[in-house]
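The following exercises concern strand pairing, helix packing and residue environment. Please attempt each task with the structure in view before reading its solution.

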Amino acid sequence: MDRRLRVLSLMNKLTVGGHECGRLTLAKMIDQSRFDYRFLTITQTPDLPDEELIAAAYLKPLFEEAGFPVESLGLQDSRSDGTRGRLRVLGSAFGMLRSIRRLVKYIRENRIEVIDAHHTSAMFAASIAGWLTGVPVVLTAYHLAAWQRPAMSLPGQLTFGLAAAVITDSRVRRDEMRMWCCRKSLPIEIVPTGIFPPAPVTPAAEMRKQIGLPDNADTKVVGMIAAFMEFKGHEDLLDAAIQVCRDEPNVVFLCQGASRGQTEYENRLRRRIAESGLQDRFFLRTASGEIGDVWQLIDIFAHPTRFDSLPCVVMEAMALCKPSVVTDIGGIPEVVEHEATGLVVSSRNPAQFAESLLRLLRDPGEAEQFAEAARRRYEEHLAPDQMARSIERIWIRAVSRESVSTGQTEAVRDAA
């Protein structure tokens, strides 16, 4: 008899992001002798060749390459179907009902024992489907921004109220959730997202040529890796870069990220770069290929975010031994300790950010000390195997609590 615990990860879709990259890492680290782990998306992945899917920031081919086929409930993404206003709201409501009905059917047909849910719509659908089928649901949430909107407050309280547990990645987010959630007994666990250090596949010289970076060993690269969304703070980095480039001639800035459809913001960034005269020193590059190809070019990592929880890129920088300047947002200060494993500055403060970058550029020895300390912290506390074992224990506890009233404990005992 198959005694592995049957776990379903449910997401809206598999595009590049913290949830998705974290679960790709987990898939590679999961103990397959104890867990039957599978993936399901609400929306249908476009029918494109693998290389085109990856270029469009879809991760389905990478999950399947790791041995985890991705299934779908087959719904169309409402944001890409051309509907607007009331039609979109109505379509979303009917889409949610279809999602729940199909999810209930999938859970029963595949005898799922615990649901690992991500993203707002998927979390709501999972909670209702879990309630209807008696299957415990573990939510992974890195912030409450979507649920704090007036129209989402009641669905949010219902979603969290029905959950067996919640996973988040920082103390600050856990405390916010405890304050917001009406169900005060809800278990909220902190599990930082484990990541593998990204490895390059393209030679550095070729990548520098592709991007247009100066072919000069003395030129330092300040790198930012984040989706092109306004809250990530690209404009703050640009303001800091204006000062840094004025004071230090041998430095360039590289911003790599996936496009999220905020074309007005991306166009504004490009206009501002041109107006500042930094076309040859401040580069924007849409995500393509292996992220390790870009990481190998970065000398100093910059993360000027205005809103975040605990981004994977911060831990990637630590794992790759990169000195970092980051902002004091969300759980970032919980892993990047100021003056120990990096420099932490106030958000929306380009002048302070520029001063910190200049400090590391002018003192390579200090920058190296911070980078080495950051890598040690990653190895001791943030490695992928630690994340995987923590999440596995949370799933087992969730099923154990659910099975107390039913007596169905065999699979739980075997998994434990």
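**Exercise 1.** Determine how many bridges pair β1 with β2, and in which sense the two strands run.

*Solution.* Step 1: β1 and β2 are joined by seven bridges in the parallel sense; strands count as paired if DSSP finds at least two bridges between them. Strands (E, at least two residues) and helices (H or I, at least four) are DSSP runs, numbered from the N terminus. The model is predicted: local features need pLDDT of at least 70, side-chain atom pairs count only at pLDDT 80 or more, and totals for chains, interfaces and linings use all residues. Residues are numbered from 1 along each chain as its sequence is written, and side-chain values use heavy atoms, with hydrogens and water left out.

Step 2: Within this pairing, F35 of β2 lies opposite L5.

Step 3: The connection from β1 to β2 passes through α1, and this β-α-β crossover is right-handed (with the strands pointing away from the viewer, the path from the first strand over the helix to the second runs clockwise).

**Exercise 2.** Establish whether the residues of β1 are buried or exposed.

*Solution.* Step 1: Seven of the seven residues of β1 are buried, where buried means under 20% relative accessible area, exposed over 50% and partly exposed in between (1.4 Å probe, protein chains only).

Step 2: L5, V7, S9 and M11 point one way, R6, L8 and L10 the other, and all are buried.

Step 3: β1 is also joined to β4, in parallel, by four bridges; there L10 stands opposite A117.

**Exercise 3.** Give the strand order of the sheet and identify which strands stand at its edges.

*Solution.* Step 1: The open sheet has seven strands with parallel pairing, in the order β3-β2-β1-β4-β5-β6-β7.

Step 2: β3 (70–75) and β7 (188–190) each have a single partner strand, so one side of each lacks a neighbour in the sheet.

Step 3: From one strand to the next, the twist averages 25°. Angles run from 0 to 180 degrees between N-to-C directions, with axes fitted to C-alpha atoms, for helices over the stretch in contact.

Step 4: Helix α1 (residues 18–29) packs on the sheet and touches β1, β2, β4, β5 and β6 (contact means heavy atoms within 4.5 Å). The direction of α1 makes about 155° with that of β2.

**Exercise 4.** Describe the surroundings of R377.

*Solution.* Step 1: R377 belongs to helix α15 (residues 364–381).

Step 2: R377 has a relative accessible area of 27% and is therefore partly exposed.

Step 3: Apart from neighbours within four places in sequence, R377 contacts M318, E334, V335, T341 and L382.
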